[in-house]
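Here's a quick tour of one structure, taken a piece at a time. Have the sequence and the 3D view open as you read.

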Amino acid sequence: MAVTASSKPSESEPEVRTAAGVLRGGREAGLAVFRGIPFAEPPVGPLRFAAPRPVRGWDGVRPALTYGPPPPQSGVLGVSQDTVGDDWLTLNVWTPGPDPAAGLPVMVWIPGGGYAMGDSSLPEYDAGHLAGSGAVVVTLNYRLGIEGFAQIDGAPANRGLLDQVAALQWVRDNIRGFGGDPDRVTVFGQSAGGGSVAALLAMPRAAGLFHRAVAQSVPGTFFSPELAADIAAAFAAELGVRPTVSGLSAVAPARLPAAGDAIFAKTVQWRERWGQITHRPIPFAPVVDGDVLPVTPWQALADGAARDVGLLVGHTRDEHRLFSLIDGVLGQVTHEQTETALHMLAPGPDGARRYRQAFPAATEEELYELVNADWLFRMPSLHLAGAQIAGGGRAHLYELTWPAPGLDGALGACHGLDVPLVFGNLSSGQTATLIGDPPSPVAQELSARIRGAWTAFAAHGDPGWPPYDAVHRLAQLFDTPSTVTAYPEETSRLLWQDHTFPALPLLTLLTR
């Protein structure tokens with residue numbers, strides 16, 4: 001590993017000794033920042049498709065000034081796939097000061113991206129504003145796509161989730177030296193990051209590694225082993241290999257995302273076998289394998305698995321509009337598209353009829369947006385709060401209803417709008433385009449309010465509004481002004497109240 005000879009640290013070059021060796025970071029806006037810290041060995045060569053291994057130590061001082069390379073990932077949204085190096089399993093730390101006696105709350109961010117994309121180096125995840133509020137903030141990378149989530153013969157399931165556990169173990173063992181309290185760790189994430197947070201709440205291997213959790217826009221997609229194996233077989237066939245460790249190890253890591261993208265582009269071919277995930281193409285998700293992830297998060301929480309972990313969970317109002325824009329159907333949804341969405345996604349055998357009956361004044365497009373948003377993010381997030389309190393735990397619920405002014409206001413309170421507001425990065429990164437340029441005082445005030453709620457929750461478990469319960473169903477609505485009221489999506493809640501969000505099956509098994 002590249003190290004330099006040790007010398008006396010300076011105020012501008014803070015140093016921290018970790019279990020693996022000494023790190024030298026930098027100073028930015030009054031914070032000490034350490035980037036590209038390895039928390040596990042590179043998962044390549046004999047370690048490919050294996051559970052993460054602890055990082056080897058080094059002598060001297062290791063510079064921690066630049067982000068580690070992102071893991072190989074999908075290019076479907078134009079993300080650069082140029083990766084230099086294979087040290088994908090790294091994390092980054094922002095701290096008001098690396099004082100072991102500081103005992104600050106710790107916030108660990110898990111990026112989203114459909115379990116196929118994600119990179120902690122993106123400017124929208126710069127944690128300077130959050131850490132400036134008095135927390136130690138950690139952001140991390142984990143294996144994605146086929147490397148991290150495909151069900152492969154001879155490999156442990158959910159390797160991307162195991163990477164997240166390894167990062168949390170690193171935090172437990174090392175964060176005190178950065179000024180953090182290892183007994184006050186909050187894990188937080190959005191979209192696939194929120195799904196990862198939900199999974200971690202259900203994973204025995206993660207028990208005790210964090211004490212609070214913030215799950216933003218939790219996807220309801222978790223796969224059965226049979227479905228995951230069938231999808232992996234399609235990946236392997238695309239590459240001309242077998243869906244085994246030996247077969248896929250013959251393919252360079254940089255080539256795997258293209259196979260995932262190819263399947264993503266033609267999932268409709270497998271509609272009779274894969275069902276709902278072919279409507280909104282989702283080739284990757286955590287697998288309820290019975291070991292790494294014993295049961296779904298909703299079942300685990302209802303059974304009390306996380307009753308001692310504080311939970312803050314919620315979603316945006318218009319979760320699906322961003323995807324409609326990406327799909328090119330925003331503003332031009334047809335009756336046929338709405339019918340397909342209702343019949344595929346609405347719960348129960350007569351779900352389509354019940355949706356139309358429940359929303360009699362809704363247009364075709366409004367129904368299309370509602371059922372997609374409810375199935376993918378809104379109801380899974382709501383049900384996670386319900387499962388947590390059913391299992392004897394405590395949950396706080398929110399909904400972001402502030403309409404995004406960017407892109408001429410076309411997307412409303414869309415998926416991803418919470419990310420710039422939580423991090424306070426209103427003018428940098430892709431998600432900042434939702435905020436508008438320049439950011440308005442209203443946006444800045446709302447961002448400060450949300451940041452304050454998240455950091456208060458991390459510090460002492462109270463984001464500033466009453467906990468959710470099955471009687472009053474109180475939720476914080478983030479808007480201008482923000483209010484606390486009964487959860488507003490009551491019609492959708494009633495439509496979905498009996499749904500359990502089980503692991504998605506391989507449909508052909510149901511007809512044999």
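## Aromatic pairs

Let's start with the rings. Searching the whole structure turns up 20 aromatic pairs. One of them is made by Phe235 and Phe284: their ring centres are 5.0 Å apart and the planes meet at 20°, which is under the 30 degrees cut-off, so this pair counts as stacked. Bear in mind that this is a predicted model.

What does the pair tie together? Phe235 belongs to helix 5 (residues 225-239), while Phe284 sits in the loop between helix 8 (271-274) and helix 9 (297-302), so the two rings connect parts that are 49 residues apart in sequence. Phe235 is buried, at a relative accessible area of 2%, and Phe284 is buried too, at 5%.

## A ring cluster and a charge over a ring

Ring pairs also build a cluster, and its members are Trp109, Tyr125, Phe188 and Phe423.

Another ring to look at is that of Trp58. The charged end of Arg62 sits over this ring, 5.3 Å from its centre.

## Around Ile37

Now pick out Ile37, which is part of strand 4 (residues 31-38). Is Ile37 buried or exposed? With a relative accessible area of 1%, against a cut-off of under 20%, Ile37 is buried.

Which residues does Ile37 touch, leaving aside those up to four places away in sequence? The contacts are Leu23, Ala64, Leu89, Thr90, Leu91, Val93, Trp170 and Phe178. As for Val55, 18 residues from Ile37 along the chain, the C-alpha atoms of the two are separated by 10.0 Å.

## Helix 15

Helix 15 covers residues 441-460, and its length can be checked with simple arithmetic. At 1.5 Å a residue, its 20 residues should span 28 Å, and the end C-alpha atoms are indeed 28 Å apart, so expectation and model agree.

Plenty of names come up if you go through helix 15 for buried residues: Ala443, Leu446, Ser447, Ile450, Arg451, Ala453, Trp454, Thr455, Ala456, Phe457 and Ala458. Arg451 is on that list, as is Trp454. Just after the helix comes Gly461, with a positive phi near 85°.

## The hairpin of strands 13 and 14

Further along, strand 13 (residues 474-478) pairs with strand 14 (residues 483-486). How many bridges are there, and is the sense parallel or antiparallel? The pairing is antiparallel, over 4 bridges.

Between the two strands, a hairpin of 4 residues makes the join. To place one bridge in the view, start from Leu474, whose partner in strand 14 is Ala486.

Conventions:
Residues are numbered from 1 along each chain as its sequence is written. This is a predicted model: local features need pLDDT of at least 70, side-chain atom pairs count only at pLDDT 80 or more; totals for chains, interfaces and linings use all residues. Side-chain values use heavy atoms; hydrogens and water are left out. Two strands pair if DSSP finds at least two bridges between them. The expected span of a helix is 1.5 Å times one less than its number of residues. Buried means under 20% relative accessible area, exposed over 50%, partly exposed in between (1.4 Å probe, protein chains only). Rings of Phe, Tyr and Trp (its six-membered ring) pair if their centres lie within 6.5 Å; planes under 30 degrees apart count as stacked, over 60 as edge-to-face and the rest as tilted. A charge sits over a ring if NZ of Lys or CZ of Arg is within 6 Å of the ring centre and within 35 degrees of the ring normal. Contact means heavy atoms within 4.5 Å.
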